[in-house]
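Q: Please take a close look at one part of this structure, the packing of helices in a single chain, and describe how that part is built and what surrounds it.

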Amino acid sequence: MRYIEQQTVVKRMNGRLIANAIFKYIFLAATLLALLALVILLYRIVSQGAGNLSIDFLTNFASRFPDQAGIKAALVGSLWLMMVVAPTSIILGVGSAIYLEEYAKQNRITSFIRMNISNLAGVPSVVFGLLGLTIFVRAMALGNSILAAGFTMSLLILPVIIVAAQEAIRAVPGELRDASYGMGATKWQTIVNIILPAAIPGILTGSILALSRAIGETAPLIVIGVPVIIQFLPEGVMDTFTALPMQIYDWSSRPQQEFQAVAAAGIIVLMAVLLSMNSIAVIIRNKFDKRY
Amino acid sequence: MRPSVQEMIAQSRGKRNKKVIEKIIPIILFLIASVSVLTSIGIVLTLIFETITFFTRVPFFDFITGTTWLPFSNNEAQFGIWPLIIGTLKITVIAIIVAVPIGISAAIYLSEYASENVRRVIKPVLEVLAGVPTIVYGFFALTFVTPVLQAVFPEIKIFNAISPGIVVGIMIIPMIASLSEDAMSSVPKSIREGALAMGSTKFEVAWKITIPAALSGIVASIVLAISRAIGETMIVSLAAGSTPRFDGDFTGSIQTMTAYIVQVSKGDAGYGTTIYYSIYAVGFTLFLFTMAMNILASYVSKRFREEY
């Protein structure tokens, strides 16, 4: 008795191989299409905006005239925003991660917190804006200040930082922990002296990536009521300010063609900031990768 | 002379504050961890309370059944949510039509065909695509995709549903690709090699082995991507226009839920007006939609997971 009919196999083989080859190239083409979209996007922005990029563009305030418009207030505003968001979100995120990984018992409260974090990550950013508007801008009367925007952004990226920090802490080998306890260290001493130093590269990488998301977020700032035309630099966290994406949004939504080139120049500045932040994250990741 | 170990131990026994720290730290960390819970509670309560105020002025029934969204009319303001929902769905449908075939094909290519070197190039590029701020995508939709579409189909207006829909689709490709690829990569190699040893081609392995085994993860990635598309704000604010409409037209200006919130926020609807409260009602509706999608995604990935 024959299990395989050789004739049928031979007859079908050609079609199967052709299908295999065709689909391989379809899948490859789809992948390249996604990459092509990125290339076109970057090319368009650079070719539109490069002409407007100059030292003046970086040092001028916003203007009604496209050729005098600059991004100084937005750039400085975004840096101020990061000075609030970075400490707030990292302290909250790493603290939460330490609690969940080191202290939390396996009970209902813990699994509720975990579930809550993953749900929070799926809430649209514009809804975070509504939260910030109600709680920070109105209830706590912070107005449309750097602090109000910074707190809102911190809560927005909090889930990302918590998850990144949890993974970094989980990746610390158990032997290090056991050795520390074996030497008589307490739990907190072990965390501060052993676990955190070992987990810091992972925590930093995740945090920088989360911060780069915060720097490009626009919707919550609009909802909070962050203004666009600002002719002064903020001097403290209670001042009003504007940020890079707000400025870009304003320029893009103007009907004049000239302002689109200005918007593209603003996008180049924003992308340059993002690129340098991501490069730092990659450098940290590569430098400290697989130490154990 | 340095103190001996016994002396050091005796010394540190004397320190009371060490024990206090060990007791206080977990409490502080628990409080920090509860910030994320408080955030969720804050979001839900904020939306509920302001939405209730909205419903004291606009009947609930009119809101959920109305097909006219005319908030800025002075004497005949109408708040029927359906035009905004239809606008959101138009964007989402186009985005999914664009993103699902490309995203899943890319995932199959990466997990089944690509060599390690190719993966090492393509995956970071996809990460970059995922990291581009949505305002940049919005600018791209308005200044590139729309003019290109207009050149091919002259009936398309400056503000339309197609161009932002396509660009939202491009935005969610990396999400579908990387989550689906994770699901496909976690299918055990032994099953794949078994099929290859029986004489399957790579395409047959992908089609008959990997995709069925990873289906729950793939479907979950699509559902999550739908949630992202529903909540996407800046692309639609810039390129889709601000005309809430209850029809099936994709070529003219529309308005989504998110774009309405932005439109009101950047205008100066005074605190306490009905329009001010309407953004919370719309935000609440948006929140319910995305929440339903997120819950569906985690249900699908848990309930239908194939365990090996």
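A: The following account, which concerns a predicted model, begins with one pair of helices in chain B and then turns to its surroundings.

The pair consists of helix α6 (residues 134–152) of chain B and helix α7 (residues 162–185) of chain B, whose axes come within 9 Å and cross at roughly 130°. An angle over 145 degrees would count as roughly antiparallel; at roughly 130°, α6(B) is therefore oblique to α7(B). The crossing in which α6(B) passes α7(B) is right-handed. From α6(B), the contact draws on Thr134(B), Tyr137(B), Phe140(B), Ala141(B), Val145(B), Thr146(B) and Leu149(B), while α7(B) supplies Ile162(B), Ser163(B), Pro164(B), Ile166(B), Val167(B) and Met171(B). Sorted by class, the contact of α6(B) with α7(B) holds 10 nonpolar and three polar residues, with no charged residues.

Some of these residues also meet Ile235(B). Leaving out residues up to four places away in sequence, Ile235(B) touches Thr134(B), Tyr137(B), Gly138(B), Ala141(B), Pro164(B), Val167(B), Val168(B) and Met171(B). Ile235(B) belongs to the largest nonpolar core, which has 189 residues. Within this core, Ile267(A), Ala99(B), Val167(B), Ile172(B), Ile176(B) and Ile235(B) touch the most other members. The largest share of the core, 18 residues, is provided by helix α6 (residues 146–170) of chain A.

A second pair in chain B offers a useful comparison. The axes of helix α11 (residues 257–266) of chain B and helix α12 (residues 274–303) of chain B also come within 9 Å, and they cross at roughly 155°. These two helices, α11(B) and α12(B), are therefore roughly antiparallel to each other. Here α11(B) passes α12(B) in a left-handed crossing. Among the residues that make the contact are Met257(B), Tyr260(B) and Ile261(B) of α11(B), together with Ile275(B), Ile279(B) and Leu286(B) of α12(B). By class, the contact of α11(B) with α12(B) comprises eight nonpolar and four polar residues, and no charged residues.

Finally, chain B also meets chain A. This contact takes 65 residues from chain B and 65 residues from chain A. On the side of chain B that touches chain A, helix α2 (residues 17–57) of chain B gives the most, with 19 residues. That side of chain B has 40 nonpolar, 19 polar and six charged residues.

Key: Residues numbered from 1 in each chain as written. Chains lettered and ligands numbered in written order. Predicted model: local features only at pLDDT ≥ 70, side-chain atom pairs only at ≥ 80, totals over all residues. Contact = placed C-beta atoms within 7 Å. Helix = DSSP H or I, 4+ residues; strand = E, 2+ residues; numbered from the N terminus. Nonpolar A, V, L, I, M, F, W, Y, C, P; charged D, E, K, R; others polar. Core = buried A, V, L, I, M, F, W, Y, C linked by C-beta atoms within 7 Å. Buried ≥ 20, exposed ≤ 12 C-beta atoms within 10 Å, placed from the backbone. Axes fitted to C-alpha atoms, helices over the stretch in contact; angles between N-to-C directions. Parallel < 35°, antiparallel > 145°, perpendicular 65-115°, else oblique. Left-handed = near helix turned anticlockwise from the far one by under 90°.
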